[in-house]
Amino acid sequence: MDDEGFLALDKNKARRSFSRAAPDYDAMAVLQHEIGRRMLERLDYIRIDPGVILDIGCGTGVATEGLLNRYPQARVVALDFALPMLARARKRGRWLRRPRCLCADLDQLPLADQSVDLAFANASLQWSTAPAQTFADIARVMKPGGLLMFSSFGPDTLQELRAAWAAVDGNVHVHGFIDMHDYGDMLMGAGLADPVMDAERMTLTYVDAMQLMREIKVIGAGNASAGRGPGLVGRRRIAAVCEAYEQFRGPDGRLPVSYEVVHGHAWAPMQRRVDGETRVSLDVLRSRK
């Protein structure tokens with residue numbers, strides 16, 4: 001566990017996995033795309049006219065294109081740490097209306113202070129190695145009154161697969177996820193205002209456990225924890241996991257896979273305390289005048 005009490009990640013392994021997954025990602029990432037669609041719908045109820053939008057962990061750019069269409073006057077920056085994903089994201093939009101792509105890690109945003117009006121992160125923050133610091137960095141780049149909207153996964157995600165693996169060995173095989181309330185505390189700790197958190201449960205079903213594990217591998221979302229067991233997992237253990245998973249087979253003859261989808265948003269404050277001083281943006285004062 002890292003110093004925040006959350007499962008440490010092997011970021012290089014995660015990057016390699018997503019890079020390999022890029023060609024087939026859109027065909028398999030049905031859940032991620034559905035969550036992104038619902039996030040975009042939530043923007044219908046929020047009054048915001050952003051000039052600069054940052055799509056954090058954009059993947060192949062499906063949500064990026066949605067942001068381009070929703071805010072035709074905004075400059076949209078698509079950020080991802082896997083270059084093959086960005087190669088697909090940069091083709092989104094139209095010839096004269098493409099996202100600006102930035103290959104970077106969400107844990108180290110290479111952006112100027114107070115430069116972003118809307119930070120949008122769909123199913124990406126679970127790949128942060130220091131989420132509290134990442135929220136603080138997102139707060140740093142947001143303009144006063146800017147909006148952060150994100151989704152992630154809670155601890156009940158993949159609970160059936162976690163239980164099946166636990167019946168086979170004691171190693172870590174399933175990604176560790178952060179509780180919704182901890183995310184809320186991090187937003188407050190980052191100095192973001194009026195945080196709103198909620199969660200929804202979603203269940204996908206599969207014919208067999210191998211289908212599930214193949215899909216997780218294809219979309220690059222496999223286990224990237226630093227505490228995973230060494231070496232390759234043999235066929236016997238995979239077969240044992242599939243057998244253990246059978247206890248969850250439903251009356252419809254299919255295997256369920258649970259996802260706890262966490263949604264959150266918060267606002268950058270109009271005033272900030274820096275080194276004991278209260279700093280107010282000149283733009284804010286001008287707007288009040």
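The following exchange concerns a predicted model and the reasons behind several of its descriptions.

Me: Why is Lys 91 called exposed?
Reply: The relative accessibility of Lys 91 is 59%, and exposed means over 50%, so Lys 91 counts as exposed. Lys 91 is located in the loop between helix H5 (83-89) and strand S3 (100-103). On the surface, Lys 91 gathers with Arg 88, Arg 90 and Arg 98 in a patch of positive charge.

Me: What makes the pair Glu 34 and Arg 38 a salt bridge?
Reply: The rule asks for a side-chain nitrogen of Lys or Arg within 4 Å of a carboxyl oxygen of Asp or Glu. For Glu 34 and Arg 38 the N to O distance is 2.8 Å, so the pair meets the rule. The two residues are four residues apart in helix H3, and therefore about one helical turn separates them. In general, residues three or four places apart in an α-helix point the same way, because the helix has 3.6 residues a turn.

Me: Why is Arg 38 called partly exposed?
Reply: Partly exposed lies between the limits of 20% and 50%. Arg 38 has a relative accessible area of 27%, so the term applies.

Me: How do you know that Arg 92 forms a salt bridge with Glu 65?
Reply: The closest N and O atoms of Arg 92 and Glu 65 are 3.4 Å apart, and the cut-off is 4 Å, so the pair qualifies. This pair links distant parts of the chain, with Arg 92 in the loop between H5 and S3 and Glu 65 in helix H4, 27 residues apart.

Me: Which of the terms buried, partly exposed and exposed fits Arg 92, and why?
Reply: Arg 92 has 18% relative accessibility, and buried means under 20%, so Arg 92 counts as buried. Its partner Glu 65 is partly exposed because its relative accessible area is 27%.

Me: What makes the pair Asp 156 and Arg 201 a salt bridge, and which parts does it tie together?
Reply: The closest N and O atoms of Asp 156 and Arg 201 are 2.5 Å apart, which is within 4 Å, so the rule is met. Asp 156 lies in the loop between strand S5 (142-153) and helix H7 (159-166), and Arg 201 in strand S6 (residues 193-206), so the pair ties together parts 45 residues apart in sequence. Asp 156 counts as partly exposed because its relative accessibility is 28%, whereas Arg 201, at 57%, is exposed.

Methods:
Residues numbered from 1 in each chain as written. Predicted model: local features only at pLDDT ≥ 70, side-chain atom pairs only at ≥ 80, totals over all residues. Heavy atoms only, no water. Patch = residues over 30% accessible without salt bridge, like charges linked within 9 Å, V, L, I, M, F, W, Y side chains within 5 Å. Areas by Shrake-Rupley, 256 points an atom, 1.4 Å probe, with all protein chains shown as cover. Lys, Arg positive; Asp, Glu negative; His and termini not counted. Charge placed at Lys NZ, Arg CZ, Asp CG, Glu CD. Buried < 20%, exposed > 50% of the residue type's maximum accessible area, 1.4 Å probe, protein only.
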